[in-house]
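Me: I'd like to go through this model with you and ask what the labels rest on. Can we take it one label at a time?

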Amino acid sequence: DFLHLGFVTQQALPVDGDRTVISADGQYIFAEAGNLYLYKLVSGALQQKWSSSGSSGTVKYYTFDPSQPAKAKIFIDQTFYTKNCETWATEGSFAMDIDNIRNIDFTNGHILGNTATYFKVFDPNTGSLQFQNPTSQNLVTFDLRIKKNTVYHYGGKKLIIF
């Protein structure tokens with residue numbers, strides 16, 4: 001509990017996950033271990049809700065909407081989905097011509113993604129392109145992030161784009 005700085009509970013994942021993401025309310029957990037798994041905490045136990053095994057496409061990014069913790073945001077191939085965690089029903093989707101998502105600024109409504117030669121900013125609700133900028137070299141790095149109107153580089157540089 002970050003607000004009260006207290007320990008809430010402990011739970012062992014059924015898989016040894018590489019990248020684990022927990023929803024803001026602590027009810028849902030994504031864990032990646034070869035496949036991507038979605039679990040729900042039910043009466044102190046983890047219940048598997050979904051797995052990417054048998055699904056078509058490559059999962060490239062996944063997270064939860066902080067203001068709606070039961071909504072998963074998942075980027076598969078070049079399509080961004082909003083999924084209902086309880087039913088795994090698609091509640092919205094749109095294509096984005098990027099290879100990867102670097103981060104999502106939910107507060108200010110921006111998705112930062114990239115191709116080898118561009119970084120691009122999209123609206124997370126509509127998928128409309130808000131900004132794009134060519135890069136001087138192939139962008140195969142993970143060191144870009146967006147916050148508000150600025151793209152930051154881990155090397156200490158920033159670019160105000162709006």
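**What the labels rest on**

Reply: Sure, and keep in mind that this is a predicted model. Let's start with Arg102, which is buried but has no salt bridge: the nearest side chain of opposite charge, Asp143, is 7.0 Å away.

Me: How do you know that Arg102 has no salt bridge?

Reply: A salt bridge needs a side-chain nitrogen of Lys or Arg within 4 Å of a carboxyl oxygen of Asp or Glu. Asp143 is the nearest side chain of opposite charge to Arg102, and it sits 7.0 Å away, so the cut-off of 4 Å is not met.

Me: Then what does the Arg102 side chain make a polar contact with?

Reply: With the side chain of Asn114, at 2.8 Å. The cut-off for a polar contact is 3.5 Å, so this pair passes. As for its place in the fold, Arg102 belongs to strand β9, residues 100–105.

Me: What makes β13 and β15 edge strands?

Reply: The open sheet has three strands in the order β13-β14-β15, paired antiparallel. β13 (144–147) and β15 (157–160) each pair on one side only. Neighbouring strands here are turned by 25 degrees against each other on average, ignoring direction.

Me: Why do β14 and β15 count as paired?

Reply: Pairing takes at least two bridges. Four bridges join β14 (residues 150–153) to β15, so the pair qualifies. The two strands run antiparallel, and His153 stands opposite Lys157 in β15.

Me: How many helices and strands does the protein have?

Reply: Zero helices and 15 strands. Of its 162 residues, 40% count as buried.

Methods. Residues are numbered from 1 along each chain as its sequence is written. This is a predicted model: local features need pLDDT of at least 70, side-chain atom pairs count only at pLDDT 80 or more; totals for chains, interfaces and linings use all residues. Side-chain values use heavy atoms; hydrogens and water are left out. Axes are lines fitted to C-alpha atoms, for helices over the stretch in contact, and angles run from 0 to 180 degrees between N-to-C directions. Buried means under 20% relative accessible area, exposed over 50%, partly exposed in between (1.4 Å probe, protein chains only). Lys and Arg count as positive and Asp and Glu as negative; His and the chain ends are not counted. A polar contact is a pair of N or O atoms within 3.5 Å; within protein, one must be able to donate a hydrogen and the other to accept it, and residues adjacent in sequence count only if both atoms are side-chain atoms.
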